Amino acid sequence: MTTALALHPFISSISVSASATPALLSLRVASVREIAADVRLFELHAVDGAPLPPWTPGAHIRLHLPGDMARSYSLCNTPHERDGYRIAVKREAASRGGSSYLHEHVLEGDVIVATAPANAFALADDQRAPLLLAAGIGITPIYAMAAALADAGRSHRLHYFARGLQHAAFFDALARREEGLSMHLGLDVAETQAAIRAALAASPAGTPLYVCGPSPFIEAVREAARKGGWRDADVHFELFSAPASAVPDAAGNAVQDAFELVLQRSGVHCTVQPGQSIVAAAAAAGVHIATSCGEGFCGSCESVVLEGAPAHRDSVLSAAERVAGRRIMPCVSRCAGPRLVLDL
């Protein structure tokens with residue numbers, strides 16, 4: 001049977017405003033090993049042996065690689081592993097350079113520069129037993145969540161969709177520890193959708209739902225949840241790359257005209273040129289807007305719009321939020337008019 005949906009790589013939202021440039025960490029690669037077909041696990045320690053910044057399940061770090069590449073990867077440690085960071089990287093056939101570089105060039109002993117962990121996909125402070133769904137490499141943050149929940153003795157269920165056992169990263173560890181693990185292997189699209197509906201039907205509507213995987217999988221889960229009576233607030237999801245279907249604006253047209261950008265609280269007026277991001281234009285004017293993914297899928301740069309019509313290119317905001325036009329992801333989105341005023 002064929003695989004459920006194209007298994008390639010990570011969304012929730014967090015509001016931030018202008019802030020200092022994030023500190024960078026120098027990390028030594030302590031080990032590299034294959035944990036599934038085309039998936040390598042990299043263990044990273046501080047070069048100077050110092051304790052690394054703390055993190056919570058769902059967090060990611062952003063690696064700065066040669067050629068101005070910056071890529072985000074979820075931490076997939078278990079709760080007792082606090083002496084370093086672990087990331088699992090799937091080599092993508094359509095890699096934009098990050099996964100192929102890590103697989104082909106990064107070896108034990110090498111040093112990598114990364115930002116400190118950020119978390120836009122954290123477990124909510126909710127004692128209800130959550131439902132976790134992961135597809136492909138989307139297991140990485142879900143694995144850390146499941147490990148933390150199991151360590152705390154909290155009830156939960158995990159549904160893991162993969163092409164086959166050889167493609168299922170962390171399967172052995174999950175099988176040993178997870179009493180509520182359900183594996184879904186080699187399903188086609190219709191079978192995957194049916195399995196998603198069955199998983200949701202077995203839980204009360206409103207059960208905290210955490211989803212990670214390719215965008216078609218996430219959309220299938222979100223649609224099933226909506227039909228099953230879930231509120232948007234109870235559905236937490238994260239993508240590992242911006243979906244190819246993301247559209248530039250409501251009409252589906254590219255928006256590349258220059259426009260005036262006003263950062264109200266900073267008192268900055270500047271022009272965003274065609275092909276230039278709002279973040280880049282603001283930085284050139286002396287204002288740093290904190291970002292993480294840089295591609296509109298993590299939500300870390302979400303900003304409030306005071307005036308103007310956003311041309312949304314992100315995969316974070318809901319349809320209702322896009323229509324309201326009060327929020328924007330300045331790392332990728334632009335303005336559909338001549339002037340955009342942000343509360344920054």
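**Group meeting: rings, strands and a cavity**

Hi everyone, let me start with two aromatic residues: Tyr-143 is buried, and Phe-170 is buried too. Buried here means under 20% relative accessible area, exposed means over 50%, and partly exposed is in between, with a 1.4 Å probe and protein chains only.

A quick word on what we are looking at. This is a predicted model, where local features need pLDDT of at least 70 and side-chain atom pairs count only at pLDDT 80 or more, while totals for chains, interfaces and linings use all residues. Residues are numbered from 1 along each chain as its sequence is written, and side-chain values use heavy atoms, with hydrogens and water left out.

Now, the rings. How many aromatic pairs does a search of the whole structure find? There are three. For a pair, the ring centres of Phe, Tyr or Trp (its six-membered ring) must lie within 6.5 Å; planes under 30 degrees apart count as stacked, over 60 as edge-to-face, and the rest as tilted. One of the three joins Phe-121 to Tyr-210 in an edge-to-face arrangement, at 6.2 Å centre to centre with 65 degrees between the planes. That pair links distant parts of the chain, 89 residues apart: Phe-121 is in the loop between E6 and strand E7 (131-135), and Tyr-210 is in strand E10 (residues 209-212). My strand and helix labels are DSSP runs numbered from the N terminus, with at least four residues for a helix (H or I) and at least two for a strand (E). Both Phe-121 and Tyr-210 are buried.

That brings me back to my opening residues. Tyr-143 and Phe-170 form a stacked pair, 4.1 Å centre to centre and 10 degrees between the planes. Here too distant parts of the chain are linked, 27 residues apart, with Tyr-143 in helix H2 (residues 139-151) and Phe-170 in the loop between strand E8 (157-162) and helix H3 (171-177).

One more ring before we move on: the charged end of Arg-82 sits over the ring of Trp-55, 4.6 Å from its centre. That label asks for NZ of Lys or CZ of Arg within 6 Å of the ring centre and within 35 degrees of the ring normal.

On to the strands. As a reminder, strands of a sheet pair through backbone hydrogen bonds, either parallel or antiparallel. I call two strands paired if DSSP finds at least two bridges between them. Please find strand E3 (residues 60-65), where five of the six residues are buried. E3 pairs with strand E4 (residues 69-74) in the antiparallel sense over six bridges, and Ile-61 faces Tyr-73 of E4. Three residues sit between the strands of this hairpin, and Gly-67 takes a positive phi near 75 degrees there.

E3 also pairs with strand E6 (residues 111-115), antiparallel over two bridges, with Leu-63 opposite Ala-114 of E6. E6 in turn pairs with strand E1 (residues 24-36), again antiparallel, over five bridges; there Ser-26 stands opposite Val-113.

Further along the chain, which strands make up the open sheet of five? The order is E13-E12-E18-E14-E16, with mixed pairing. Strand E13 (268-272) and E16 are the edges, each pairing on one side only. Inside the sheet, strand E12 (residues 259-263) runs parallel to strand E18 (residues 339-342) over four bridges, matching Leu-263 with Leu-342 and Leu-261 with Leu-340. Strand E14 (residues 303-307) is antiparallel to E18, joined by two bridges, and Val-305 stands opposite Leu-342.

At the edge, Arg-327 lies in strand E16 (residues 327-328), and counts as partly exposed because its relative accessibility is 29%. Its C-alpha atom is 9.9 Å from that of Ala-309, 18 residues apart along the chain.

Last stop, the largest cavity, with a volume of about 90 Å³. A cavity is a set of points on a 1 Å grid over the protein atoms alone where a 1.4 Å probe fits but cannot get out, and lining residues have an atom within 4 Å of a point. Points are joined across faces, edges and corners, and the volume is the space filled by probe spheres set on them. The lining has 11 residues, and Val-39, Lys-90, Gly-136, Ile-137 and His-167 lie nearest the centre. By class, seven are nonpolar, two polar and two charged. Nonpolar covers Ala, Val, Leu, Ile, Met, Phe, Trp, Tyr, Cys and Pro; charged covers Asp, Glu, Lys and Arg; the others, Gly among them, are polar.

Thanks for listening!

Technical notes
On a 1 Å grid over the protein atoms alone, a cavity is a set of points where a 1.4 Å probe fits but cannot get out, and a pocket is an open set with protein on both sides within 12 Å along at least five of seven lines; lining residues have an atom within 4 Å of a point.
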